[in-house]
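Open the model in a viewer and keep the selection tool at hand. The stops below go from salt bridges to a lone acid and then to the empty spaces.

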Amino acid sequence: MTKKIIHKTFLLLFTLLIGLAIGGLDLYRELTQPVPDGLPIHIAVIGPLTGADAAIGTSLRRGVELRVEKLNKMGGVGGRPVVLDFYDDQNDVTKAREQARKIVADGQAVGVIGHWYSSNSLEGGKVYQDNGIPAITPGSTNVAVTKENPWYFRAIFNDRIQGRFLANYTKMVLDRKAVAIVSEKRPYGQFLTETFTQQAQKIGLNIVQKHVFATNDKKDDQFDVIVSKLKMLPDLDFVFMATHALEGAELLRKLRVAGIDVQVLGPDAMASKSFTDSFANDPMEQENPGHFTSGTLVTTPLIFPTANEAAQSLREDYLARFGEEPDWRIGYSYDAANIMLNGILKASLLGQQDNLSVFRANIRDALAGISTGIQAVDGVTGPIYFDKEGDAQKSILIGSYDKGIIVSALTQLQSI
């Protein structure tokens, strides 16, 4: 073989590696690597694997596993398999802090995927920042999760964008003049309410009542009081619920049982299997699917029937494996894993993988470097790249429940 041919061969291989780092992990399809048998690379996955929100944890686990299994079948990262270590925070702040510290103490994870609730990500994020571990959340939307924490990234839109969007959609698309707001006393609900209210004041959307409830053992009594006050508004026809899935479902049930037939708008947390499963055992829901939810509008980051080809492929794989339709959480968990793996792959090309702290720092830098549309990583939720706060630039969709299933609203609003 001549030197010229050798040189061309070297350039071809070098170009392939650089293209792999920039363009994404799917270029592994072009390689014929053996089953990975090197030292494993560990990623911690943390979320509500058990407890009341276990359905969220199931989506998180399955989405991440599907992406990592695909990579390992293609040879892992340079012949090293990726191993997932799961940690259960039960969507509880105290457990989130304990489990985050356990990730540090275990001393294996090069990065973290999770948490789900913003309150947990805020608590865990302090631990990851103090110990130099890159993390990416598929579902926490509170702006403070990534703000001033260069080690935390977000695969989804944030609540500043979502709150403003919801107010604009209410006034500009739905043509509502007045709205009542019910929010939970947690970072997720509080910030959504704050941004919704600020935008409502700017665009002339009247807020006729505002209620806040604490998520404690007296929550049911608080709901009864809120429902009774809402019922006193004779002309009320629209309610915005700034709540998580289970609380939103409980409140919606009470509204309907009380005969309050208003249209309800909810955030992304209510666009989930957790939300619909809350009604599954109700006799009225079993007799008439969608009895409680039909007509409810929700923001959703992903609607599979109208998503891209990669999303359709994931949906088919998920249906074949689990025998049920995926919700948006599957897609965003899959993409959070996808972009974390992309960061790991880029960092691995720099060497020093044996030094855990350096490897983690290189992964963080690789993720932060995905900062423009040109550098974006293609995913089932569309291209992913981060702004200076570590937030992905994502569109928001509006879906409407129809017999327990989310369908795309006829009118969408694109933020510019």
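Partly exposed here means a relative accessible area between the buried limit, under 20%, and the exposed limit, over 50%. The model is a predicted one.

Select arginine 315 first: its relative accessible area is 24%, so it counts as partly exposed. Add glutamate 325, which is partly exposed at 44%. The two form a salt bridge, with the closest N and O atoms 2.6 Å apart. Arginine 315 sits in helix α11, while glutamate 325 is in the loop between α11 (309–322) and α12 (328–348), 10 residues away.

Next, select lysine 102 and aspartate 106. Their salt bridge has its closest N and O atoms 3.2 Å apart. Both residues belong to helix α3 (residues 93–106), 4 residues apart, or about one turn of the helix. Aspartate 106 is partly exposed at 33%, and lysine 102 is partly exposed at 39%.

Move to glutamate 247 and arginine 186, whose side chains meet in a salt bridge of 3.2 Å, N to O. Glutamate 247 is in helix α8 (residues 245–257) and arginine 186 in the loop between β6 (178–184) and α6 (187–203), so the pair ties together parts 61 residues apart in sequence. Glutamate 247 is buried at 8%, and arginine 186 is buried at 16%. Extend the selection to Glu184, Lys219 and Glu250, which are linked with Arg186 and Glu247 in a network of salt bridges. Across the model, the salt bridges number 20.

Keep arginine 186 shown and select aspartate 53, in the loop between β1 (41–47) and α2 (54–73). How far away is the nearest side chain of opposite charge? Arginine 186 is that residue, at 6.2 Å, and aspartate 53 is buried without a salt bridge. Beyond its neighbours within four places in sequence, aspartate 53 is in contact with Pro48, Asn91, Tyr117 and Leu246.

Tyr117 leads to the largest cavity, whose lining also includes Trp116, His244, Asp268 and Arg329. This cavity has a volume of about 70 Å³. Its lining has 5 nonpolar, 5 polar and 2 charged residues.

For the second largest cavity, of about 30 Å³, select Ser59, Lys273, Tyr318, Glu324, Glu325, Pro326 and Asp327.

Finish at the largest pocket, with about 640 Å³ of space. Of its 27 lining residues, Glu325, Pro326, Gly404, Ile405 and Ile406 are the closest to the centre. Helix α9 gives the most to this lining, with 3 residues.

How values were computed. Residues numbered from 1 in each chain as written. Predicted model: local features only at pLDDT ≥ 70, side-chain atom pairs only at ≥ 80, totals over all residues. Heavy atoms only, no water. Helix = DSSP H or I, 4+ residues; strand = E, 2+ residues; numbered from the N terminus. Buried < 20%, exposed > 50% of the residue type's maximum accessible area, 1.4 Å probe, protein only. Lys, Arg positive; Asp, Glu negative; His and termini not counted. Salt bridge = Lys/Arg side-chain N within 4 Å of Asp/Glu carboxyl O. Contact = heavy atoms within 4.5 Å. 1 Å grid on protein atoms, 1.4 Å probe; cavity = no way out; pocket = protein on both sides within 12 Å on 5 of 7 lines; lining within 4 Å. Points joined across faces, edges and corners; volume = space filled by probe spheres on them. Nonpolar A, V, L, I, M, F, W, Y, C, P; charged D, E, K, R; others polar.
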